[in-house]
Amino acid sequence: MNKRRITAEITAIGGYVPEDRLTNKMLETMVETSDEWITDRTGIKERRILSDPTMATSDMAVLAIANLLKDSGLQAEEIDCLILATSTPDQLLAPAASLVCEKAGLSSAWGFDLNAACSGFLYALSMGASLIESQRYKKVIVVGADQMSAIVNYQDRNTCILFGDGAGAVLLEPSSTENGIKDYLFKTDGKGAAYLSVPAGGALQPASPETLMEGKHFVHQDGKTVFKAAIKGMGNACQEVMTRNGLMSDDIDWVVPHQANLRIINAVGKRLNFPPEKVKVNIQRYGNTTAATIPLCLWDYQADFKPGDDILLTAFGAGFTWGATYLKWGNLRHNNGQPKG
Ligand code: UT7
């Protein structure tokens, strides 16, 4: 008898966004911009900002995990592994995942950080799926969390209008059903590194009075170049994943794209022939939360997804890094009544 392949199924989801809102109207008082320009050019109306100075990325990840555990009825010590996708770890050392394991009470889990900028969550989801498929681990939490407000220059209108803070988490568990992570395709092109970066604070340019004076600890972006590359990268990755899985646009129930700019999302959707109602958007509420956009979008819209729905996730970010993931939505624990074994 043929044993069905084990896949990694999303069985729980959690999220966290800070209370404080930074609206377009508030930005009008900080830089030369307007609500109309930001809305037209990006689709963003407001973002959430973590303003408590005693908190950082790890704390948002902990709160997203707490939300996931509460919703699923699982205990923290049941988790085997944590993968934390972030570009804004609390510190360069120690790894933020270690802080999260400690603060969230994941006492049986090992954990690590993964930095692939805005594509981080998708890269991490594929790593988590591999750990589950290896059958060595039964419960892997994948988090995307970023505190972009820590690295954004609120005097630079090119970037400060775009980013926000937040965290989203999913639980992966083994499944022998048709549901789960079916395929993924990722690309990395280091030629893109110059167009979106935080130049200082790493090993090449450690913090110094000069780097501070020159504002090199903030995000720098050539928006136009990134914009074009994002549409092409996400469009091509989605097309390739669909083609090799024999999928047409009609076969996809939902598209959940990285939320960087509504015009990018619309252009990708149009290129692939997805009707707008299938493409999930929450950028108006949170802006670009880097690694957190996709899990926060899954969290926000989970009520719309039915087990077995065909979902395409796609992201593009600094590096450049980009890709697409095809999955069939899982049976969430809170819908099951009975938690899995
Ligand atoms: O998640 C990681 C990946 N990141 C992205 O995907 C971001 C990709 N890029 C973008 O989303 C867009 O390029 C931006 C939203 C950053 C900029 O939009 P754009 O349509 O590319 O505008 P632009 O940079 O070409 O600027 C057009 C005009 C310029 O004025 P002039 O030269 O035409 O007089 C800018 O100075 O708009 C001006 N401008 C602004 N005006 C009001 C730029 N930023 C602002 C602003 N408010 N905040």
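## Exercises on a two-domain model

In this predicted model, 50 residues of domain 1 are in contact with 45 residues of domain 2. Keep that interface in mind as you work through the exercises.

**Exercise 1. Find how the chain is divided, and work out where the largest nonpolar core lies relative to the domains.**

Solution, step by step:

1. Start with the bounds: domain 1 covers 7-178 and domain 2 covers 182-328.
2. Get the spacing. Taken over C-alpha atoms, the centres of the two domains are separated by 14 Å.
3. Now pull up the largest nonpolar core. It has 43 residues, and Phe274, Leu312 and Phe316 have the most contacts inside it.
4. Check which elements feed it. Two or more residues come from each of α7 (223-244), α8, β12 (310-317) and β13 (321-328), and α7 gives the largest share, 8 residues.
5. Put it together: domain 1 and domain 2 both give residues to this core, so the core lies between them.
6. For a close-up, take Phe274. Leaving aside neighbours within four places in sequence, Phe274 is in contact with Met242, Ser249, Ile252, Val255, Gly269, Val279 and Leu312.
7. Don't stop there: another core lies apart from the largest one, with 35 residues, among them Ile10, Ala129, Val142 and Trp254.

As background, nonpolar side chains in soluble globular proteins tend to be buried together.

**Exercise 2. Sort out the two sides of helix α2: which residues are buried, and which are exposed?**

Solution, step by step:

1. List the buried residues of α2 (residues 35-42): Asp35, Ile38 and Thr42.
2. Look down the axis. These residues cover an arc of only 80°, which puts them on the same side of α2.
3. Recall some helix geometry: with 3.6 residues a turn in an α-helix, residues three or four places apart point the same way.
4. Flip to the other side of α2, where Glu36 and Asp40 are exposed.
5. Ask what does the covering. The elements over the buried residues of α2 include α1 (24-28), β3 (46-48), α8 (262-271) and α9 (283-286).
6. Step just past the end of α2, and you'll hit Gly43, which takes a positive phi of about 85°.

**Exercise 3. Describe the surroundings of Asn282, then say how much of helix α10 is buried.**

Solution, step by step:

1. Place the residue: Asn282 sits in the loop between α8 and α9.
2. Is Asn282 buried or exposed? The cut-off for buried is under 20% relative accessible area, and Asn282 comes in at 3%, so Asn282 counts as buried.
3. Look for a polar partner. The side chains of Asn282 and Asp300 are joined by a polar contact of 3.0 Å.
4. Widen the view. Not counting residues up to four places away in sequence, Asn282 touches Gln259, Leu296, Cys297, Asp300 and Tyr301.
5. Turn to α10 (residues 293-300), a mostly covered helix with 6 of its 8 residues buried.
6. Name the buried ones: Thr293, Ile294, Pro295, Leu296, Cys297 and Leu298.

**Exercise 4. Map the ligand site: which residues come nearest to the ligand?**

Solution, step by step:

1. Take the 22 residues around the ligand; Thr33, Arg41, Lys224, Asn261 and Asn288 come nearest.
2. Go through the side-chain pairs. For Asn261, an N or O atom in the side chain is 2.7 Å from an oxygen atom of the ligand.
3. Do likewise for Asn288, where the side-chain N or O atom is 2.7 Å from an oxygen atom of the ligand.
4. Add Arg157, which has a polar side-chain atom 2.9 Å from an oxygen atom of the ligand.

**Exercise 5. Compare the settings of Ser175, Val152 and Ala104.**

Solution, step by step:

1. Ser175 belongs to strand β7 and is buried, with a relative accessible area of 4%. A polar contact of 3.1 Å joins the side chains of Ser175 and Glu9.
2. Val152 is in the loop between β6 (140-147) and β7 (165-175), and counts as buried at 3% relative accessibility.
3. Beyond four places in sequence, Val152 touches Cys160, Phe163 and Phe218.
4. Ala104 is part of helix α4 (residues 96-104). At 16% relative accessibility, Ala104 counts as buried.
5. Outside the stretch up to four places away in sequence, Ala104 touches Val62, Ile65 and Ala76.
6. Finish with a distance: Ala104 and Ala61 are 43 residues apart in sequence, and 8.7 Å apart C-alpha to C-alpha.

Methods
Residues numbered from 1 in each chain as written. Predicted model: local features only at pLDDT ≥ 70, side-chain atom pairs only at ≥ 80, totals over all residues. Heavy atoms only, no water. Buried < 20%, exposed > 50% of the residue type's maximum accessible area, 1.4 Å probe, protein only. Helix = DSSP H or I, 4+ residues; strand = E, 2+ residues; numbered from the N terminus. Arc of directions from axis to C-beta. Contact = heavy atoms within 4.5 Å. Polar contact = N/O pair within 3.5 Å; in protein donor to acceptor, adjacent residues only side chain to side chain. Core = buried A, V, L, I, M, F, W, Y, C linked by side-chain atoms within 4.5 Å. Domains from an automatic or database assignment. Near = heavy atom within 4 Å.
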